[in-house]
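Here is a set of short exercises to work through with the model open beside you. Try each task before reading its solution.

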Amino acid sequence: MDGSFEDEDDSTAVTIGEYLDEVEERELAADLVLGGDDGKECTYSKGYMKRQAIFSCLTCTPDGNAGVCTACSLSCHDGHQIVELWTKRNFRCDCGNSKFGEFYCKLFAGKDPENVENSYNHNFKGLYCTCSRPYPDPEAVEQGEMIQCCLCEDWFHEEHLGLEFSDEFPRDDEGEPLYEDFICKACSEVCFFLKLYPEVIRASRKQPDATVEVSKGKGVLEAMPPMSEASSHNSPKIDDAKATISESISGGKDLLQGGNCDNSKDLSQCTSSTNMHVPCLLGVHIVSASPVLDGKPIFLSKNWRDALCKCNNCFEFYNQKRIAFLLDKEDSIVEYEKMAKQKREEKLQEVEGAEANFFNKLGHVEKVEILNGIEEMKDGLRNFLESADSSKPITEADVHQFFEEIKKKRRRIQ
C-alpha cells in the first residue's frame, strides 16, 4: 500500500505526503501575497501603506477606480466579483468611501470621501499588459506567466515586453528568471539613468550570478567592472558620465554611496542638505541630461537598489519623477515576501506555543485521555491501511468511512 488516495470521480492518485506538501505550498503562496495579513481588520487606519495586498470589486465599482484591503474583500465584498491585484505600493483602502455610493464599510466607518494619493490603472478593471487582456484570458489557448513592472506595477506577457529575441529575457538553462526586478518599456524612459551605471546592475544571460555588492566604506562602483563598449551611446553628456565612472573605478576613488536618510523616515522628507556633500556616482546632472532611449525594458540584478546614487542632483530627479521609492529597499517584492515569511514563522510558533501551553494546563486525567486518543487514531489508521487492497487507491469514500468508524467506536466507549 503506497498511502495514496483519490477522488472517486478522478483517476489521478496522490500520496498523503504529496497532498500535505501541496497544502503547505498553497498556504505559503497565500501568505506571500497577503504579506502575513490575517484579514481580520481593515488597514485604513494604517494610512498609505508601503505595500499591501489589494483587491478590486467590479460589482461595486465596475469602472475599476477603487481598491480594497484583504479584510474588506472578505467581510464587505464576499460573493462579489473580485479582482486580485497582488500588491500595490502607497495605497489606502477605499472600501465604503464616495466611490462606493450607498455601500458602507462594515469594518471601518467614517473614511475620507477619497484617497487622493492612491494610483489606479487598468489592472483595477481586471485588464493587464499592453494588450489589455484579462488574466486568466478565456480566449487564450495557454495561460502564460506574467511579470510585474516595479514602477507602474502593471503585469506583462513575455511576448509583449518589446524584446526582439526571446534570449534577451534573462533566464538560466532551467528556464528560471535571473533578475530581481523588471522595468517595462514605457517606464524605462523615466529610468534611463539606470543605463548610465555599469552593466552589472542589469541582469542578463551572460551574468547568471550578477549581484551588486556594496562593501562598507567603499563606493558602490568600485566593485563594478567597467562598462563594455557595446553599451555606449552617442550623447556627449552620457559619454562624460561613463568616463567619470570608469575613472573612479580604475583610480580607486572612495565614492560614497551617500545620503543619511533614515529608513524610518519617509523618503520625501529627506532634505537636499542631507545629500549636499555626497559626490555624484554618475558625474552628470541627470535632471538636464539627454535621456538614453533604446525602447527596451530593463531587467535588474539582485541588490541593484544599493547602487543608486543619493547625491542632491539625483535625489532631486527621483522626487521630480515620483520614483524616490526606488531608494527604499523595503519597497521591493523581495523584502515584502521576506517580511511575510517572518510573520508566518512567528504565527506557527505562536500556535505551537499555545498548543503546548493548553496541554500543560490540563489535569493528569485529561492528558492521559488525549494521549490515548492519539494512540487510538494511530492504531486505527495503521489497521485501515494494512487492510486496504494494495492494488487499488484509497478513495474519498474510504476516508469518510474510516472516520465514521472512529466516531462510532468513541460513542460506544462513552
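**Exercise 1. Place Ile201 and its strand neighbour.**

Task: Find where Ile201 sits, then decide whether Ile201 is buried or exposed.

Solution. Step one: Ile201 belongs to the loop between helix H3 (185–188) and helix H4 (236–251). Helices (H or I, at least four residues) and strands (E, at least two) are DSSP runs, numbered from the N terminus. Before going on, please note that this is a predicted model, in which local features need pLDDT of at least 70, side-chain atom pairs count only at pLDDT 80 or more, and totals for chains, interfaces and linings use all residues. Residues are numbered from 1 along each chain as its sequence is written, and side-chain values use heavy atoms, with hydrogens and water left out.

Step two: with a relative accessible area of 0%, Ile201 is buried. Buried means under 20% relative accessible area, exposed over 50%, and partly exposed in between (1.4 Å probe, protein chains only).

Step three: look across to Tyr179, which is 22 residues from Ile201 in sequence and 9.7 Å away, C-alpha to C-alpha.

Step four: add Leu300, which is found in strand E8 (residues 298–300). Leu300 is also 0% accessible and therefore buried. Its C-alpha is 5.4 Å from that of Tyr179, although the two residues are 121 apart in sequence. Leaving aside neighbours within four places in sequence, the contacts of Leu300 (heavy atoms within 4.5 Å) include Tyr179, Leu194 and Ile201.

**Exercise 2. Describe the second largest pocket.**

Task: Which residues are closest to the centre of the second largest pocket, and why does the pocket lie between two domains?

Solution. Step one: start with the volume, about 990 Å³. Rolling a probe the size of a water molecule over the atoms shows where empty space is left. On a 1 Å grid over the protein atoms alone, a pocket is an open set of points where a 1.4 Å probe fits, with protein on both sides within 12 Å along at least five of seven lines; lining residues have an atom within 4 Å of a point. Grid points are joined across faces, edges and corners, and the volume is the space filled by probe spheres set on the points.

Step two: 38 residues line this pocket, and the closest to its centre are Met146, Ile147, Gln148, Pro177 and Tyr179. Elements giving two or more residues to the lining include strand E4 (82–91), strand E5 (146–148) and helix H6 (333–361).

Step three: sort the lining by class, which gives 15 nonpolar, six polar and 17 charged residues. Here Ala, Val, Leu, Ile, Met, Phe, Trp, Tyr, Cys and Pro count as nonpolar, Asp, Glu, Lys and Arg as charged, and the others, Gly among them, as polar.

Step four: domain 1 (30–125) and domain 2 (127–205 + 283–328) both give residues to the lining, so the pocket lies between them. The domain bounds come from an automatic or database domain assignment.

**Exercise 3. Follow strand E4 and the loop after it.**

Task: Where do Val83 and Asn90 lie, and which residue has a cis peptide bond to Pro136?

Solution. Step one: Val83 lies in strand E4. At 11% relative accessibility, Val83 counts as buried. Its C-alpha is separated by 5.6 Å from that of Phe55, 28 residues apart along the chain.

Step two: Asn90 is in strand E4 too. Its phi is positive, about 50°, although Asn90 is not a glycine. Asn90 is partly exposed, at 32% relative accessibility.

Step three: move to the loop between E4 and E5, where Cys129 is found. Cys129 has a positive phi near 70° and is buried at 2% relative accessibility. The C-alpha atoms of Cys129 and His160 are 7.5 Å apart, with their positions 31 residues apart in sequence. His160 itself is in the loop between E6 and E7.

Step four: Pro136 also lies in the loop between E4 and E5. The cis peptide bond joins Tyr135 and Pro136, with omega about -5°.

**Exercise 4. Examine Thr61.**

Task: Which backbone oxygen does the side chain of Thr61 reach?

Solution. Step one: locate Thr61 in the loop between strand E3 (49–57) and helix H2 (70–75). Thr61 is buried, at 2% relative accessibility.

Step two: the side chain reaches the backbone oxygen of Cys57 at 2.8 Å.

Step three: beyond neighbours within four places in sequence, Thr61 is in contact with Ala66, Lys99 and Phe100.

Definitions and conventions. Polar contact = N/O pair within 3.5 Å; in protein donor to acceptor, adjacent residues only side chain to side chain.
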